[in-house]
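Please open the model in your viewer and keep the selection panel at hand. We will go from one strand to its neighbours, and then step back.

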Amino acid sequence: MTALSPSIDVAVIGAGAAGIAAARRLAAAGVSVVVLEARDRIGGRAHTVGWEGYGLDLGCGWLHSADENLLVRPIAEAGWTLDRTPPPWSAEAPTLDAAPAERAAFSDAYGAFEARVDALAAEGVDRPVADALDPGGVWNARLEAISSALNGAPFSRVSLLDFARYSESSLNIRVVEGYGAAVAEFGADLPVRLDCAVRTIDLGRGRVMLGTSAGTVEAAAAILTVPTAVLSSGGIRILPEPVDLLDAASGLPLGLASKVHVALTDARDLPVDGRLWGPSDTVEVGRHHLRPFGRPMVETYLGGDLAWGLEREGADAMFDFALQGLVDVLGSGIRRRASPAAVSGWGFDPWSLGAYSHALVGRSDDRARLRAPVGGRLFVAGEAAADRFYGTAHGAWMEGERAAAEALAHLGMETRPVEVEA
């Protein structure tokens with residue numbers, strides 16, 4: 001465990017992707033830095049757990065926009081195994097519960113929906129994404145179910161201008177051993193103090209004074225990378241109170257996307273990297289990734305209000321819901337083969353309070369507001385601060401590097417880019 005020095009150049013709050021990226025850049029520039037992490041592990045919402053020799057991602061699992069994702073090359077160079085099998089939401093994935101004609105019809109409906117989003121965004125007036133749905137459209141429930149995965153919230157609560165700003169290419173790849181494990185390894189050699197919750201940040205003096213569960217830390221500057229929900233809930237008290245920062249955080253709440261990993265004693269009858277979506281006429285449905293990487297298991301995604309409700313009931317309720325979705329399509333015999341392997345719980349984790357951010361209607365400019373330095377010495381980063389890549393680990397990483405550059409400029413030091421190395 002890293003010793004807690006009472007006085008350093010920059011304190012980084014949070015050891016997720018943004019905090020790791022910031023600390024790496026600061027260390028490369030030669031400044032003294034410490035990363036203060038409330039959890040007992042590195043990685044934040046990038047978290048891989050082991051099961052039967054496999055790495056299961058409970059948080060982020062896909063390197064989205066892999067053709068421009070700055071983490072792809074260093075992860076590969078570090079020796080992690082990249083899998084380029086098309087994701088279960090792609091047209092190439094084998095599907096058990098939809099005929100080709102049904103898949104084609106939904107693909108057309110989704111393309112038309114995206115076109116309406118772009119047309120409305122071009123008008124420059126914010127509104128709910130739900131305004132882009134076809135009134136009475138037969139695919140609206142499935143589109144809303146997709147919103148629960150994309151945003152962790154229904155389209156009625158999501159800013160259309162912010163949604164349209166998000167950028168993702170069609171190339172998505174996975175880390176076989178776990179994306180979370182790869183992200184965490186990048187922080188393995190950093191000066192991280194675990195089990196060290198920051199409770200107060202005092203900017204009212206010449207230096208930044210941090211009150212933590214392990215004592216007081218004094219720094220010339222600080223980088224804050226905790227989720228917006230933690231800020232909005234008062235999990236960290238900042239003095240003097242930064243009204244604009246807290247208001248921006250409230251406009252970027254965290255939605256919820258949960259995962260249930262279902263182990264199967266025999267999965268040979270299921271297609272490798274296949275898809276099972278369930279009924280198309282309800283939002284309360286799981287999306288099932290069958291045999292990811294060819295493993296004998298199913299990875300079920302739950303999102304939005306459904307996920308909040310099930311997480312509130314507990315892990316058993318989440319597993320039961322996921323299993324019932326499989327039974328509805330595959331038959332009751334699947335019950336005898338199934339058991340829980342791992343279940344996420346981001347919604348009620350006190351250090352996250354959700355999965356990833358979305359902008360509320362009328363708050364599409366809040367990501368830029370979130371990035372504004374506070375008191376000239378506190379710099380904010382994280383996925384919620386990313387305009388194009390919010391909700392992703394690489395978006396958080398990019399924002400961590402940006403915040404580090406701002407901190408270095410504050411210290412009067414060189415701010416040249418630093419390559420991400422394995």
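Select β14 and show its side chains: A257, K259, H261 and A263 point one way, while S258, V260, V262 and L264 point the other way, and all are buried. Buried here means under 20% relative accessible area, with exposed over 50% and partly exposed in between (1.4 Å probe, protein chains only). Eight of the eight residues of β14 (residues 257-264) are buried, so this strand is largely enclosed by the rest of the structure. Strands (E, at least two residues) and helices (H or I, at least four) are DSSP runs, numbered from the N terminus.

A word on what you are looking at: this is a predicted model, where local features need pLDDT of at least 70 and side-chain atom pairs count only at pLDDT 80 or more, while totals for chains, interfaces and linings use all residues. Residues are numbered from 1 along each chain as its sequence is written, and side-chain values use heavy atoms, with hydrogens and water left out.

Next, add β17 (residues 297-303), which runs antiparallel to β14 and is joined to it by seven bridges. Strands count as paired if DSSP finds at least two bridges between them. To find one of these bridges, pick S258 and look across to L302 in β17.

Now add β18 (residues 338-343), which pairs with β14 in the antiparallel sense over five bridges. Here V262 has P340 as its bridge partner.

Time for another sheet. Which order do its three strands take? Select them and you can read it off: β5-β7-β6, an open sheet with antiparallel pairing. β5 (62-63) and β6 (82-83) stand at the edges with a single partner strand each, so one side of each is left without a neighbour in the sheet. Zoom in on β5 and β7 (residues 173-175), where two bridges make the antiparallel pair, and you will see L63 opposite I173.

Finally, zoom out to the whole protein, with its 12 helices and 20 strands. Its radius of gyration is 22 Å, close to the 22 Å that the globule rule gives for 422 residues, so the protein is as compact as a globular protein of that length. That radius is taken over C-alpha atoms, and the rule is 2.2 Å times the number of residues to the power 0.38. Along the principal axes, the C-alpha atoms fill a box of roughly 65 × 50 × 40 Å. Colour by burial as a last step: buried residues make up 57% of the 422.
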